[in-house]
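Subject: Structure for you to look at, with notes

Hello,

Please find below the structure that I promised to pass on, together with its sequence. Once you have had a look, read on for what was found in it.

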Amino acid sequence: MKKIIFLSMVIMLMPILILASDIKQDITIMENSVTIQLVKSTIELEVMNNSIIHVKKKLKNNDKAQSLPDYVTVLTPQKTKFKVSQNKTQTILKTDLVKVIVNNDGVIEFETKKGKGLLSETNEVTYIKPDNTKGDLVSQSFVAGDEGLYGLGQFQSGVMNWKNTSIRLQQDNQEIAIPFIVSTKGYGIYWHNYSVTDFNLPEHEIAFANTSDEKKNVREATFTPAKTGMYSFMAETNSANKRTKKPVIQVDIDGENIINYTTFWAPVCFSGKKYLEAGKSYKVMFQNTGSKEQGRLLYNEPDYNKTVFSSETGNSIDYYFVYGENPMQVISQYQLLTGKAPMFDKSALGFWQCRERYHDQAELLENAREYRKREIPVDYIVQDWFYWPKGTKGPEWDREKYPNPKSMVDSLTKMHYKLMVSVWPEVNNEPMMKKYNLDKQVMTGTHFLDLYNEDVQKRYYKMISDSMFHIGVTSIWLDGSEPENKPANDYQTAVGPFGAVANPYSIMVTKSMYEGKRKEFPNQRVFNLTRSAYAGQQRYGVASWSGDVNGTWRQFSEQIASGLNFVMAGVPYWTTDIGGFFRDSKSLNPVYDDQYTNVEYKELLTRWFQFGAFCPVFRIHGYVSNTEIWRYGQEFEDMARKFIDIRYQLMPYTYSEAWKVTTQGKLLLSPMVYQYPNDKNTWGIKDQFFFGESMLICPITEYNVRNKEVYLPKGEWFDFWTGTKIPSGAKVNAITPLNQLPVYVKSGSIIPMGPKVQYANEPTKEPLLIKIYSGKNAEYTLYLDDNTSYNYEKGIYSEVKFIYSESENEITMSKGNGNYIDFTKNPMIFNIQKVGSESIKKVIFNGIKKVVKL
């Protein structure tokens, strides 16, 4: 027997327990799994389907599994044919798509069935420690080579490609931890551990001997790197969940700022990158104002070349390997594993009027009426906090300010509004707590409920439903769902110590609302908004937003990368506070004096609004702000009307793309690498993205910029605004006047567009415009249903399929799945236009296949 002991390389070298073996492997083959007994450990490979393999490793002397509910996966092992073989050094498992090789040293390799390497474990930073060991208890290291990595959730760092980059996966305001990563090589990893987890835990630390400003906590050092290349830095602040009036987390290297965080909330840590030259001395400044601790600046060198998950709790290594030929397929398989996102009421895809805050019933109704009077399209209006009685916090209406909330909702309903109201997963209202038997269900040191208890989830829902849904409120804004205030890690929740289940708290919040409302109102689609998220949360009828971000150009630009990585973590619906939450000097943002008159801020708001019009959820919001679009002058109002109108005209396209999200696990918002993983030019692009499968959106993220260099991958493209065709595979200089941003459509696309309407579900007899972007063949499926119910789950929907032939210059229309519309009795009228041509052909579709020459 050969015993192997490895050393970790995490700041301090120390001996650890790793998975070791001898030459012989004993295996047990079951219907859906293979168990491999090594000398010191057991490895179980569970075959979920041809693409997904569940890997679990336990030490033989500590193999009692952690008994926590599975909050994430919903896929049960499918009947899958697989073969197992052995040789002297390996056990090999093959499905129809992947090959899994378990070597005698415990290292697992993943290949395609044909032998193309995808991913390999390494024992370098792989261990399971005894429970009494300080630091992370479980860690698994992988190495895969040349690739881009995306996902992990939402972080305000501006990082797009997580390859070799460090980040701590811990929930906080503005930070969303989802332990799923997807590679350009055609695989994903879901790390099945609920505790705080380090991704690529840094191996090195910069020591600061000089404190230049003790009050502001500013330290300086000289750093001389040993290697040339891109360094990844992580500033650890240890100040999570602590509010300070002027927090500053900043790292400068030779005067260049690589980490900057100045909002009201301070996260745990922050990431940044910089290219450094070996042997050159660099001046490093680390400021950590607002934290009671100095914090640490950690880093990884350029040749790190590992992907490592290291978690605070757990006594087993537990992850899922997900294969797909490209990121699109990987995420689709991952959603099979963790659940598909249901359809939202179409109104959720319209424009939202939201602000902090409406102060009473009269003010809310006054602004709702003004939108309709001005004929500005809108679907949702939102009531933020402090609608409850003074001195309390919880879903109860203050009858002095809101004398008749049901009448208020009735008035909104008549104006075709949906009302969303903010509710926290905490209650500071003793009568309500006692009424719903929640007074003894609060986690110690907080007002937040122990929603790990399923009975508490049901009572929490009942409390909200009685106050909100029973008077006609449509949706709940589930704020602070990280939870905002956390108990100690050793606090015993209903399922175990909080530290062991710290990250998926938001799932408990959204699950309680989704399951409760679907049971009580079975044919009303659930749609809620929440500040946090976790793997699998997409199946609970919810979108997330990026938290209380600053209204600055830098943080605006960071929203794009953070949102794109969030959706690449498999949760497709995301949004942001258009204009930023903190906006001017009156709202804790000293950058701008007055948001309504400051020229630079109004330009920032303009560019953010244009970006928001192409996010899955289109929502304006701001602290101590009157965000109605007419408050910012005629120029802004005209621009806003233009983009709101475009949003509603694109509704047939957006709604049909949402159908792909639900049925195929596609993304409505996606980075360029999602569609072009083999084009390395896309790997780091963080200021261009796709809205649906066809539209490329290019936000403007700098002040006073009126042109932008845009990268268009190989293939012909069309300018959305002008219909001009653009040559393939090139960088183009786009002209960007203040009332427009660059939007391009791929050649070989079909986009259905509707008329201008005042709200998403407004009845109209006007025909849809079917726009064909020629150059190659194209297909599109238009999706239609009642827009509001779950009848689509019973097959009550309709599809119309369009197929364009470039060579024949014709389009074929035919009936797809479903029978919601009887086209023989209710034919649809389509106007068909080939982009670039003025000719429009009117076609009446009665469900019978029809070919139209163009």
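I begin with strand S23 (residues 282-289), where seven of the eight residues are buried, so this strand is largely enclosed by the rest of the structure; buried here means under 20% relative accessible area, while exposed means over 50% and partly exposed lies in between, using a 1.4 Å probe and protein chains only. Please keep in mind that this is a predicted model, in which local features need pLDDT of at least 70 and side-chain atom pairs count only at pLDDT 80 or more, whereas totals for chains, interfaces and linings use all residues. Residues are numbered from 1 along each chain as its sequence is written, and side-chain values use heavy atoms, with hydrogens and water left out. Helices (H or I, at least four residues) and strands (E, at least two residues) are DSSP runs, numbered from the N terminus.

Strand S23 has pairing partners that you can find in the picture, where two strands pair if DSSP finds at least two bridges between them. Strand S18 (residues 218-223) pairs with S23 in the antiparallel sense over six bridges, and within that pairing Thr 222 has Lys 283 of S23 as its bridge partner. Strand S20 (residues 248-253) also pairs with S23 in the antiparallel sense, over six bridges, with Val 248 standing opposite Thr 289 in S23.

A second enclosed strand is S14 (residues 187-191), in which five of the five residues are buried, so that it too is largely enclosed by the rest of the structure. Both of its faces are covered, since Tyr 187, Ile 189 and Trp 191 on one side and Gly 188 and Tyr 190 on the other are all buried. Strand S13 (residues 176-183) runs antiparallel to S14 and is joined to it by four bridges, with Ser 183 opposite Tyr 187. These two strands form a hairpin with three residues between them, and Gly 186 in the turn has a positive phi of about 105°. S14 is also joined by five bridges to strand S26 (residues 316-323), again running antiparallel, and there Trp 191 has Tyr 319 of S26 as its bridge partner.

Further along the chain, six strands make an open sheet in the order S35-S36-S37-S42-S39-S40, with antiparallel pairing. Strand S35 (669-671) and strand S40 (725-726) stand at its edges with a single partner strand each, so one side of each is left without a neighbour in the sheet. Inside this order, strand S36 (residues 689-691) and strand S37 (residues 695-697) run antiparallel and are joined by three bridges, with Phe 689 opposite Ile 697.

Now to the helices, whose axes are lines fitted to C-alpha atoms over the stretch in contact, with angles running from 0 to 180 degrees between N-to-C directions. Helix H7 (residues 553-568) and helix H8 (residues 599-612) pack at an angle of about 5°, with their axes 11 Å apart. They are therefore roughly parallel to each other, a term for angles under 35 degrees, while over 145 counts as roughly antiparallel, 65 to 115 as roughly perpendicular and the rest as oblique. The contact (heavy atoms within 4.5 Å) includes Trp 553 and Phe 556 of H7 and Leu 604 and Trp 608 of H8.

Which residues touch the most other members of the largest nonpolar core? In this core of 184 residues they are Phe 609, Phe 614, Met 695 and Phe 830, and H7 gives the most to the core, with eight residues. A nonpolar core is a set of buried Ala, Val, Leu, Ile, Met, Phe, Trp, Tyr and Cys residues joined through side-chain atoms within 4.5 Å. Leaving aside its neighbours within four places in sequence, Met 695 is in contact with residues including Phe 614, Phe 689 and Tyr 744.

Finally, Leu 419 has its place in strand S29 (residues 418-423) and is buried, with a relative accessible area of 2%. Its C-alpha atom is separated by 5.3 Å from that of Val 473, although the two residues are 54 residues apart along the chain.

With best wishes
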